[in-house]
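Work through the exercises below with the model open. Each task is followed by a solution in steps.

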Amino acid sequence: MDALIDLYQRHFDWRDLTLLLLSPVFGVCLALEAWRFRRTRVFDWRDTFDSLNSGGSYLAVDLLLLATLVLPALGWVYEHRLFTIDISPWRFLGLFLLVELLYYGFHRASHRIRWFWCAHVVHHGSEHMNFGTALRQSWFYALAGNWLFYLPAVWLGFEPRWVLFALSLNLAYQFFVHTTWIDRTPAWFEFIFNTPSHHRAHHGRNPQYIDRNFGGTLIVFDRLFGSFEPEQEAVDYGLEHPFPTHNLFWLNAHEWRAMFRDMAAETSWRLRLAHLWMPPDWRRHGNGFRDQG
């Protein structure tokens with residue numbers, strides 16, 4: 001216990017633990033939702049157990065990588081920042097909006113670039129939509145480089161822990177859009193914010209829903225950049241190419257293995273390396289590239 005306290009005092013402050021501190025709130029909401037839908041097929045208990053295992057282990061791995069990789073890297077960038085932007089309520093609001101835009105870029109890249117998809121695929125593995133699905137996160141996000149997308153905010157002059165705190169609040173909001181409990185919110189809210197309806201579509205493998213609705217707290221960037229799709233047809237949740245397993249390691253690692261196998265099967269380094277940045281469903285076609293994502 002003393003070692004854990006020492007680790008916290010040397011590497012963390014309260015902003016780093018936002019999601020961990022909110023875990024009881026998430027747990028209560030999950031329990032209420034499970035009770036509400038106990039006589040339906042909204043929950044599959046083995047699937048929910050996988051989500052809980054994934055979420056709990058992700059928090060532990062993420063805090064470790066935060067201390068040993070992410071904060072040192074962000075700190076180096078902050079030492080070479082353009083300006084120094086002290087936080088005030090209005091500046092934090094501006095930071096939150098900037099982080100939302102950067103999150104949109106991360107999320108869209110995580111669907112369109114296979115290297116990042118290898119980590120993000122974990123979150124889309126469930127064929128159910130409930131608060132438990134929100135907890136499915138990858139061990140490998142930090143190693144894949146998700147934090148790279150937030151470097152512009154640090155380089156601009158925002159202190160790294162404030163950037164990560166804004167991101168944590170963004171992710172905390174997203175917990176509540178993983179549900180079928182809420183059908184639609186008022187029209188003005190649906191127009192501006194990411195909602196359960198928008199995010200249900202995002203998790204669909206129906207052709208019209210694939211690679212749509214990337215926003216975290218807002219949906220305005222999807223509307224601006226042409227990636228918005230309203231929920232209309234009933235959503236079929238899950239992956240186009242499912243990988244059915246309850247093994248926690250393979251839940252996190254299966255797409256990495258698939259990508260490296262595809263790379264090994266290619267006949268040239270140019271084609272092997274293309275698998276890193278092409279869309280997840282890209283395949284070789286003739287003598288050139290074709291996007292099938």
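**Exercise 1.** Place S57 in the fold and decide whether S57 is buried or exposed.

Solution. Start with the secondary structure: S57 lies in helix α4. Next, take the relative accessibility, which is 18% for S57 in this predicted model. Buried means under 20%, so S57 counts as buried.

**Exercise 2.** Find which backbone oxygens the side chain of S57 reaches, and which residues S57 touches beyond four places in sequence.

Solution. The side chain of S57 reaches the backbone oxygen of N53 at 2.7 Å. That of S54 is reached at 3.2 Å. Leaving out residues up to four places away in sequence, S57 touches W139 and L248.

**Exercise 3.** Describe the largest nonpolar core and name the helix that gives its largest share.

Solution. The core has 54 residues; L74, L95, V99, W147, Y150, V163 and F175 touch the most other members. Helix α4 (residues 45–79) supplies the largest share, 11 residues. Now take L95: beyond four places in sequence, the contacts of L95 include I87, F158, W162 and V163. A second, separate core has 5 residues, among them M129, Y209, V235 and Y237.

**Exercise 4.** Explain why the buried residues of helix α15 are on the same side of α15.

Solution. In α15 (residues 269–277), the buried residues are L271, A274 and H275. They cover an arc of only 105° around the axis, so they are on the same side of α15.

**Exercise 5.** State where pLDDT stays under 50.

Solution. The mean pLDDT of the protein is 93. Over residues 284–293, pLDDT stays under 50.

Definitions and conventions. Residues are numbered from 1 along each chain as its sequence is written. This is a predicted model: local features need pLDDT of at least 70, side-chain atom pairs count only at pLDDT 80 or more; totals for chains, interfaces and linings use all residues. Side-chain values use heavy atoms; hydrogens and water are left out. Buried means under 20% relative accessible area, exposed over 50%, partly exposed in between (1.4 Å probe, protein chains only). Helices (H or I, at least four residues) and strands (E, at least two) are DSSP runs, numbered from the N terminus. The arc is that of the directions from the helix axis to the C-beta atoms. A nonpolar core is a set of buried Ala, Val, Leu, Ile, Met, Phe, Trp, Tyr and Cys residues joined through side-chain atoms within 4.5 Å. Contact means heavy atoms within 4.5 Å. pLDDT is the predictor's confidence in each residue, from 0 to 100. A polar contact is a pair of N or O atoms within 3.5 Å; within protein, one must be able to donate a hydrogen and the other to accept it, and residues adjacent in sequence count only if both atoms are side-chain atoms.
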